[in-house]
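Reader: I am new to this structure and would like a close look at a single part of it. Please choose one chain to begin with, and then set it beside its surroundings in one connected account.

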Amino acid sequence: MINLLTLVLIFMIIGAIISIWTTDLLSAIIAVGAVGFGSSVVFLLLRAPDVALAPVVVEVLMLVILIRATVGRDVHTIGSAREIFGLSVAAVLVLLLLAFAVHAIGGLPEFGEPVMARVADAPASYYLENGLSQTGSANIVTAVLLDFRGYDTLGEATVLFGAILGAMTLLRRKSRTDKPRQE
Amino acid sequence: MKETSTIVKTISRCVVGFIFLYGLYIVCYGHLTPGGGFTGGVILASAFVLEMLAWGKEEALKSLPFRLAKPFDSAGALAFLVLGLLGLLLGGDFFVNVIQKAYPGKPFSLFNAGIIPLCNIAIAIKVCASLFLVILVLSVLRVAAGGGTEDDLTTQEEE
Amino acid sequence: MHYFLCLLLLMVGLFGALTQKNLIKIILSVAIIEHAVNTFLIMVGYRHDGTAPIVDRAQVAGSSFASGAVDPLPQAMVLTAIVISLGVLALMVAVAMRLYHTYGTYDITEIRKLRG
């Protein structure tokens, strides 16, 4: 049962625990980066090379953004956690949720057996059979992304546009009114 | 202003072109090999970000000016929408692959998938421009808040 | 087993988001939750000894390919979600930096008063 996938997942969990445990923000950020690279390896092991490419680059940019937010700021004086009451309430909540989740796993199909193997006319098997002939795209993931499910991609592009617009608006306004640098 | 070291500058000047080329490859061959508009766009943005980190904001702005990046951001999203509307007008449904329906090329060639490569390019432009803009704006805020002229990742005292 | 480890990762992120006082730590916890959910979604579509959902030149799409490849649908959704998470992270960092600009700290217990 101990295979590479399990090891990488345990590595990710350890990285997550370290990033929450440590009081040094820079090492916390780097630990989250390790979690992201671990997820990239997991995607590769699960035969998803399309998705495995993305986290590698995204993690690097995430690191740049987060380090930009932390460098040079007074970040070492904040204690790591709240008082004991809040901590215990959070622990109980998380454990309860974990129990529900473990119960819900029982309803899922076994690992390594997708839904489309069980349902006769699942959309995924339709995409796999007709993707190349109907769209001309050999990469079925791209065919799903941009042809069969173009609506979803348009929605995601809109979300990205909105998020970036919000970030730019939040950051730019003050820099103009505070200090007119140009004139 | 503290400069980045010569090694970093030289290596990044050598590598930026290759990163950019790799991003273009990922975008253009997204329908044949792993990759696509989102991934390729992030790789293109990371090329500009590397230039910004190594050479400073001014150099990066020379290769992708601010007044050019903002229209690119909107134009990418708009081009994607227009490609979808093209399917609505000519094919009857939103996001119908009209070009591929009219001219079905032979599989595994570069120009056979109709609007899919065009969509990939539109998304890549959008993602690249928007991510570059965000990181640029984060560095601009740093100038405004700190009052200094420091604009790379080397540490600087706040206020 | 694999599902359980994935959920454990999600719970670690959730615990961090609930208990941390530092805004940047909360953002990092949200990033961990995103990684966990993405990994879980890819896992749901996995098939034992499956191939990547990319048609090879040798095996032109047929029944053998369709019955041997992993599910492409979650992969397509996760691919966009990863880039979205980067945009949302930038938005969160922007809010946090604006808060720092106003209050001079990232500690959320200090950020109580509403100031313009």
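Author: Let us begin with chain C, which in this predicted model exposes about 4,200 Å², with carbon and sulfur atoms supplying 64% of that area. The chain is built from four helices and has zero strands, so that, because helices and strands are taken as DSSP runs numbered from the N terminus, its order along the sequence can be written as α-α-α-α. Of the 116 residues in chain C, 59% are buried. When contacts in chain C between residues at least 6 apart in sequence are considered, 49% of them join residues that are at least 24 apart.

Chain C also takes part in covering a neighbour, namely helix 1 of chain A, whose buried residues are covered by elements that include helix 1 (2–19) and helix 2 (23–44) of chain C, together with helix 2 (25–45) of chain A. Helix 1 of chain A runs over residues 4–21, and its 18 residues reach 25 Å from the first C-alpha to the last, which is close to the 26 Å expected at 1.5 Å a residue. The buried residues in this helix include Leu5(A), Val8(A), Leu9(A), Met12(A), Ile13(A), Ala16(A) and Ile20(A), and also Thr6(A), Gly15(A) and Ser19(A). As general background, an α-helix has 3.6 residues a turn, so residues three or four places apart point the same way.

Chain B offers another helix to read in this manner, since its helix 1, residues 6–28, has 23 residues and reaches 34 Å from first C-alpha to last, close to the 33 Å expected at 1.5 Å a residue. Helix 1 of chain B bends by about 30° at Val15(B), and among its buried residues are Lys9(B), Ser12(B), Val16(B) and Gly23(B), along with Ile26(B) and Val27(B).

Elsewhere on chain B there is a nonpolar surface patch of about 620 Å², made by Leu68(B), Phe72(B), Ile99(B), Tyr103(B), Leu118(B), Ile121(B) and Ile125(B). Helix 4 (66–91) and helix 6 (115–146) of chain B each supply at least two residues of this patch, and the largest share, three residues, comes from helix 6. Tyr103(B), another member of the patch, lies in the loop between helix 5 (98–102) and helix 6 of chain B; this tyrosine counts as exposed because its relative accessibility is 65%, where exposed means over 50%.

Conventions: Residues are numbered from 1 along each chain as its sequence is written. Chains are lettered from A and ligands numbered from 1 in the order in which they are written. This is a predicted model: local features need pLDDT of at least 70, side-chain atom pairs count only at pLDDT 80 or more; totals for chains, interfaces and linings use all residues. Side-chain values use heavy atoms; hydrogens and water are left out. Patches are made of residues with over 30% relative accessible area and no salt bridge: like charges are joined within 9 Å, nonpolar side chains (Val, Leu, Ile, Met, Phe, Trp, Tyr) within 5 Å. Accessible areas come from the Shrake-Rupley method with a 1.4 Å probe; for residues, only the protein chains shown count as cover. A salt bridge is a side-chain nitrogen of Lys or Arg within 4 Å of a carboxyl oxygen of Asp or Glu. Buried means under 20% relative accessible area, exposed over 50%, partly exposed in between (1.4 Å probe, protein chains only). The expected span of a helix is 1.5 Å times one less than its number of residues. The bend at a residue is the angle between axes fitted to the seven residues ending there and the seven starting there. Contact means heavy atoms within 4.5 Å.
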